[in-house]
Amino acid sequence: MRTRAYRKAVVAMLSVALAVRATSARALPYSDFFTPANPQHLSLTLFASAIGNESLYAATHEGFQLEQTLNPYIGVVGRVSGYQIYQGAGWDNPLLDHPKTRPRNFGVFMGGIDLLPFQGTSLTVLGGRDVGDSTGARIEGDFSSWILLHSRHPINLSFIGDHFYNNGQTSGMIDVRVVMSSWRDVTWLLGAGGQLWGGGQEPHVMKEFGPDLGLFFRQWQTSLDFQAGYGNNHGYGTIAITRHFGWDE
């Protein structure tokens, strides 16, 4: 009886050890790095935005982005966008000379990779070139991460950094927002953020910050974002809209 009980105990302990080992093997970070994503996913994002501040700077921006997953941690990204700068100098201005009377129009073609190190975090690295009134190369990094993702009020931290080789200027945009409420049809986010830029012909680091409001409409996969505040160019306001489409392959 004791021998039989001992054998059962040994078998049980071995079973637990094997289960733990198997679980640990499955949880090994990036063990499936060379495994194709299942399912593969193709996404299309349409976007448009506008910014203005007390008649010193006014610009609009629109375009689309395509992304194709390669594996669970990497996607390939391509982006085409257009800019219209109506007057003044601002944080996303790659022009050598500040536009005064006529709008300056240029397109931007960029490509790169989207790194997804873990759930809720993305780092997109892009490079490309302008065409039109701006003709220089540029690089960009987009970072977004969700903190307390499974809580009632997740927090999103995002940062976008650009460097424009046309005028040697570097700019950045940062936002920290909290999900205040999430209904069946819409999610509300409140937070604060702003822009900063410098380099090139700009002798000082310029900045502007203020509160922002974000709305995400689930049914249409559409985001609507507003921000207003104050900075070196005095009062400013921005509005942006994003529409997302996705297909599993």
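**View 1. Contacts across the whole chain.** Residues 24 or more positions apart account for 48% of the protein's contacts with a separation of 6 or more. The model shown is predicted. The protein has 249 residues, and 34% of them count as buried. One helix and 12 strands make up its secondary structure elements. Along the sequence the pattern reads α-β-β-β-β-β-β-β-β-β-β-β-β. The accessible surface comes to about 14,500 Å². Carbon and sulfur atoms hold 66% of that surface.

**View 2. The largest nonpolar core.** This core has 14 residues. Those with the most contacts inside it are Ile51, Tyr57, Ala59, Ile85, Phe106 and Val108. Three elements give two or more residues each: β2 (57–71), β3 (74–87) and β4 (104–115). As a general background, nonpolar side chains tend to be buried together in soluble globular proteins.

**View 3. Surroundings of Ala59.** Ala59 is among the residues with the most contacts inside the largest nonpolar core. What does Ala59 contact, leaving aside neighbours within four places in sequence? One group of partners is Ser49, Ala50 and Ile51. Gln84, Ile85 and Tyr86 are also in contact with Ala59. Ile51 and Ile85 are listed with Ala59 among the core residues with the most contacts.

**View 4. The Tyr83 and Phe106 aromatic pair.** The structure holds four aromatic pairs. One of them joins Tyr83 and Phe106. The ring centres lie 5.1 Å apart, with 5 degrees between the planes. The pair counts as stacked because planes under 30 degrees apart fall in that class. Tyr83 lies in strand β3 and Phe106 in strand β4, so the pair ties together parts that are 23 residues apart in sequence. Are Tyr83 and Phe106 buried or exposed? Both are buried. Phe106 is also one of the residues with the most contacts inside the largest nonpolar core.

**View 5. Thr187 in strand β9.** Thr187 sits in strand β9, which covers residues 186–199. Why does Thr187 count as buried? Its relative accessibility is 8%, and the cut-off for buried is under 20%. The side chains of Thr187 and Ser182 are joined by a polar contact of 3.2 Å. Not counting residues up to four places away in sequence, Thr187 touches Val179, Ser181 and Ser182. Gly214, Leu215, Phe216 and Arg218 also touch Thr187. Ser182 therefore appears twice in this view: as a residue that Thr187 touches and as its side-chain polar partner.

Notes: Residues are numbered from 1 along each chain as its sequence is written. This is a predicted model: local features need pLDDT of at least 70, side-chain atom pairs count only at pLDDT 80 or more; totals for chains, interfaces and linings use all residues. Side-chain values use heavy atoms; hydrogens and water are left out. Helices (H or I, at least four residues) and strands (E, at least two) are DSSP runs, numbered from the N terminus. Buried means under 20% relative accessible area, exposed over 50%, partly exposed in between (1.4 Å probe, protein chains only). A polar contact is a pair of N or O atoms within 3.5 Å; within protein, one must be able to donate a hydrogen and the other to accept it, and residues adjacent in sequence count only if both atoms are side-chain atoms. Contact means heavy atoms within 4.5 Å. A nonpolar core is a set of buried Ala, Val, Leu, Ile, Met, Phe, Trp, Tyr and Cys residues joined through side-chain atoms within 4.5 Å. Accessible areas come from the Shrake-Rupley method with a 1.4 Å probe; for residues, only the protein chains shown count as cover. Rings of Phe, Tyr and Trp (its six-membered ring) pair if their centres lie within 6.5 Å; planes under 30 degrees apart count as stacked, over 60 as edge-to-face and the rest as tilted.
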